[in-house]
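Let's walk through a structure together, asking at each step what justifies the words used for it.

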Amino acid sequence: MAKLKTVDQPLTENNVTSESLFKNRRNILKSMGFVGAGALLTTPQSSTAFSLFGDDPQFQTRALPHKKNSNYIASDAITSEAKATSYNNFYEFGTGKDDPKDNAQGLTVDPWSLIVDGEVEKPLKLDYDALYNSFDIEERIYRFRCVEAWSMVIPWLGFPLHKLLNKALPTSKARYVAFETLYRPEEMPGQKSRFVGGGIDYPYVEGLRLDEAMHPLTLMSVGLYGKTLPPQNGAPIRLVVPWKYGFKSIKSVVRIRLTSTQPANTWNILQPREYGFYANVNPKVSHPRWSQATERRLGSGGLLGSQRIATQAFNGYSEVASLYKDLDLSKYF
Ligand SMILES: Nc1nc2c(c(=O)[nH]1)N[C@H]1C(S)=C(S)[C@@H](COP(=O)(O)O)O[C@H]1N2
Ligand SMILES: [Mo]
C-alpha cells in the first residue's frame, strides 16, 4: 500500500507525494493571496507562509487530570504507550497500521462539537472544552481485542456513556444508539480516496443496543496514558466497548443519535458475512477466514515482543453475559 506522508517539508512539488495534498495546500495559499502572478516569493508575507507550512503543525496532547477507578484494573501487563499509539486501525488515515500515526497529526479537534440527538427529550451539544469538564474523568484499564486477533491492555481516560445519555433523557422509543465519526476529507485522506480509505463509505458509523450503551463498562474515552487522545487513537473523543471487537470502538465521534431501530455499522455494511452488529468477543465463533480462539497480545512478551494467549468469552468481561441470555451468539455474531 502506498504510504501517504503528510506534508512536512518545504513546498516543492517533488517532495509532496500526494497530489491532492499538494493542491489543497496551494488552494490555502491561494486563498491567502500568496499564489498567482508569480508573487509567491516576492510578497513580504511569503516567509510567514513558508514557516506556516514548512513545519506542519504537530498535534499536541496534554496531561489530563483524572481519578483512577480501581473497579476497572486488569491483572494483565499494560501495553506500552509507544505500541498503542503507533499500531492503529483508523482507515480515514490509511489502511496500514502505521498510517494513522503518520497521516493524522494535522487533524484539527478544537473547535469540536459532539451532538446527542434523536429519541431524546433534551438534545445536547458538547463543545471541545465540555468534552473534558462535563463529567469526572476516570482512568480505567481495559483489555482491547481487535477482530484481527491481536490485543492490547490500555489505560483509558474517560467517562461512562450512560452519564452522557442520561443527561439527554432518552425517550421511551429509544432502543439503540448510533454513532458517527467526523467527516472531513480535507484532513482525512482516506475519505478522499477509496484506495487510501479501504473502500469504506464514510463517515464511519457504529451502533449499540441501548442496554449495551448504558452498561457501566461502556466508556467515552478522551485520553490514554494520562493524556488527551492523540489523533491516531481517535481524538478528541471515541467510544470504548471492551467486551466487543475493536471495530465497535468508533473514533473521533461527532454525533450520537438515539434510535428506535438497529443502526447500520460500517464493517457490517462492507462485509456482512464476516462482521456482524453485535461483534462480541467470542473464541467459539470463528471469523470466516481465521480462528478467534487465540490472540496475539502486543507488547507483552518482554521488550518489544508479543505473546499468543487464549481469547476469553466477552474478552473476559463475563458480567455482560446476561445482556445476551436470549440471543444465539453464533447467529448474532
Ligand atoms: N472512525 C473509525 N473508528 C475506528 C476504526 C476506523 O477505521 N475508523 N477502526 C476500528 C478498529 S478495527 C479498531 S481495532 C480500533 C483501533 O483502536 P486503536 O487504534 O486506538 O487501538 O478502532 C476502531 N475505530
Ligand atoms: Mo479492529
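Q: Where does Pro 111 lie, and what is the peptide bond before it called?
A: In this predicted model, Pro 111 sits in the loop between α4 (99-103) and β2 (113-118). The bond from Asp 110 to Pro 111 is cis, with omega near 10°.

Q: Which residues does the other loop bond, with omega about 5°, join?
A: That cis peptide bond joins Tyr 202 and Pro 203, and Pro 203 belongs to the loop between α7 (189-192) and β7 (205-209).

Q: Why does Ala 149 count as buried or exposed?
A: Buried means under 20% relative accessible area. Ala 149 has 10% relative accessibility, so Ala 149 counts as buried. This residue is in the loop between β4 (138-145) and β5 (150-160), and its phi is positive, near 75°.

Q: What makes Asn 315 count as buried?
A: Its relative accessibility is 2%, set against the cut-off of under 20%; therefore Asn 315 counts as buried. Asn 315 is found in the segment after β13 (307-310), with a positive phi near 55°.

Q: How do you know that the buried residues of α6 line one face of the helix?
A: In α6 (residues 161-168), Leu 161, Leu 164, Leu 165 and Ala 168 are buried. Viewed down the helix axis, the buried residues of α6 fall within an arc of 95°, so they line one face.

Q: What makes the pair between Asn 88 and ligand 1 a polar contact?
A: A polar contact needs N or O atoms within 3.5 Å. A polar side-chain atom of Asn 88 lies 2.8 Å from an oxygen atom of ligand 1, so the pair qualifies. Taken alone, ligand 1 exposes 530 Å², and the protein buries 98% of that.

Terms used: Residues are numbered from 1 along each chain as its sequence is written. Chains are lettered from A and ligands numbered from 1 in the order in which they are written. This is a predicted model: local features need pLDDT of at least 70, side-chain atom pairs count only at pLDDT 80 or more; totals for chains, interfaces and linings use all residues. Side-chain values use heavy atoms; hydrogens and water are left out. Buried means under 20% relative accessible area, exposed over 50%, partly exposed in between (1.4 Å probe, protein chains only). Helices (H or I, at least four residues) and strands (E, at least two) are DSSP runs, numbered from the N terminus. The arc is that of the directions from the helix axis to the C-beta atoms. A polar contact is a pair of N or O atoms within 3.5 Å; within protein, one must be able to donate a hydrogen and the other to accept it, and residues adjacent in sequence count only if both atoms are side-chain atoms. Accessible areas come from the Shrake-Rupley method with a 1.4 Å probe; for residues, only the protein chains shown count as cover.
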